[in-house]
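Here are a few exercises to work through with the model open beside you. Try each task before you read the solution under it.

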Amino acid sequence: MIDVDGYLAVLGVPRPQSPTAEALWALHRAHGERVAYENLDIHLGRPTGIGATESVARIARGRGGYCFHLNGAFAALLRVLGYDVTLHRAGVREEEGEDPAGPAGNHLALTVRLDGERWLVDTGLGDGIHEPLPLREGTYVQGPFTYAMALSTVVPGGWRFTHDPRGSFRTMVFAPEPVELSSFADEHVRLSTSPESGFVRVLTAQLRGAKAVDVLRGCVLRRIDAQGTEERTIDTAEDFHDVLTGLFRLDLSDVGASARAGLWDRVRTAHEKWEAAGRE
């Protein structure tokens, strides 16, 4: 069983009496605003699993995760609340278009069937959607970003989500077939341990609000809104800690002083190498 009360307390949303659209939208918005997309434990050398019970417990104690944690936990919560949720194998790409081989499995996508319509429900895309999107071809504006939904040109019955050009990736494609959360276990190990993984190379934390997105990558903090992008470089360990615990709402009470110092040193060193390479 998952800690439903602890999860809802973090979201600041009362337990819905029934699985309505209004409640789903409130849960989705609160998740993006209050539960960070983050990979700190990879950089702290503390491996995590992706089981829903473990991920919900992480969220209840003030942490987040990436798609396997966040969408795995959210799917479990929605099911307890009575929603018809399906997990899908998906693939996120930084390039335009689709992978001819189909979804790579580096992302877990969710859909919900509600009132006769299916919706993309995804709290694991970082700077992605703030509210559910209908599985209908078209463009959709949410805050500073404009998205597109279209049928996949590669996967029969699949869908392609195209991010705004200012987003952190370009496309996400998911297959229609339902999958189990456990099917992502091997990919989770690769993404959290391989030196080639972006999660291993760069620390990140992200929150998605109604009007803006806050994104930390290494030492660089960005806010993207309708007016443009503001950027600053964090240059002290104290500021780094304050950003993580304040802006991104992360509870680091279980991270000792020496571990925090080591984390800052690694992030700063990686940032200096990135700057020296011309931010490539």
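The exercises below go from a helix pair to two sheets.

Before you start: this is a predicted model, where local features need pLDDT of at least 70, side-chain atom pairs count only at pLDDT 80 or more, and totals for chains, interfaces and linings use all residues. Residues are numbered from 1 along each chain as its sequence is written, and side-chain values use heavy atoms, with hydrogens and water left out.

**Exercise 1. Describe how helix H1 packs against helix H5.**

Step 1: find the elements. H1 covers residues 4-11 and H5 covers residues 67-80; helices (H or I, at least four residues) and strands (E, at least two) are DSSP runs, numbered from the N terminus.

Step 2: get the geometry. The two helices pack at an angle of about 115°, and their axes are 11 Å apart. Axes here are lines fitted to C-alpha atoms, for helices over the stretch in contact, and angles run from 0 to 180 degrees between N-to-C directions. That makes H1 roughly perpendicular to H5 (under 35 degrees is roughly parallel, over 145 roughly antiparallel, 65 to 115 roughly perpendicular, the rest oblique).

Step 3: list the contacts, meaning heavy atoms within 4.5 Å. From H1 come Val4, Tyr7, Leu8 and Leu11; they meet Leu70, Ala73, Phe74, Leu77 and Val80 of H5. The residues of this contact split into 9 nonpolar, no polar and no charged (nonpolar: Ala, Val, Leu, Ile, Met, Phe, Trp, Tyr, Cys and Pro; charged: Asp, Glu, Lys and Arg; polar: the others, Gly among them).

**Exercise 2. Work out how covered H1 is, and by what.**

Step 1: count. In H1, 6 of the 8 residues are buried, with buried meaning under 20% relative accessible area, exposed over 50% and partly exposed in between (1.4 Å probe, protein chains only).

Step 2: name them. They are Val4, Gly6, Tyr7, Leu8, Val10 and Leu11.

Step 3: find their neighbours. These buried residues pack against helix H2 (21-34), helix H4 (52-60) and H5. Just past the end of H1, glycine 12 takes a positive phi of about 70°.

**Exercise 3. Trace the open sheet of 8 strands and find its edges.**

Step 1: write the order. It goes E5-E4-E3-E2-E9-E8-E7-E6, with antiparallel pairing; two strands pair if DSSP finds at least two bridges between them.

Step 2: spot the edges. Strand E5 (133-134) and strand E6 (138-142) each have a single partner strand, so one side of each is left without a neighbour in the sheet.

Step 3: check one edge. Strand E4 (residues 117-120) pairs with E5 over 2 bridges, and leucine 120 has leucine 133 of E5 as its bridge partner. H5 turns up again here: it packs on the sheet, touching strand E2 (84-93) and strand E3 (107-114), and its direction makes about 20° with that of E3.

**Exercise 4. Do the same for the open sheet of 5 strands, then zoom in on E11.**

Step 1: the order is E1-E10-E11-E12-E13, antiparallel again. The edge strands are E1 (37-38) and E13 (228-233), each pairing on one side only.

Step 2: look at E10. Strand E10 (residues 204-208) pairs with E11 over 5 bridges, and the two form a hairpin with 3 residues between them. Threonine 204 has arginine 217 as its bridge partner.

Step 3: look at E12. Strands E11 (residues 212-217) and E12 (residues 220-225) pair over 6 bridges, including alanine 212 with aspartate 225 and leucine 216 with leucine 221. Their hairpin has 2 residues between the strands, and glycine 218 in the turn has a positive phi of about 65°.

Step 4: check burial. In E11, 5 of the 6 residues are buried, so this strand is largely enclosed by the rest of the structure.
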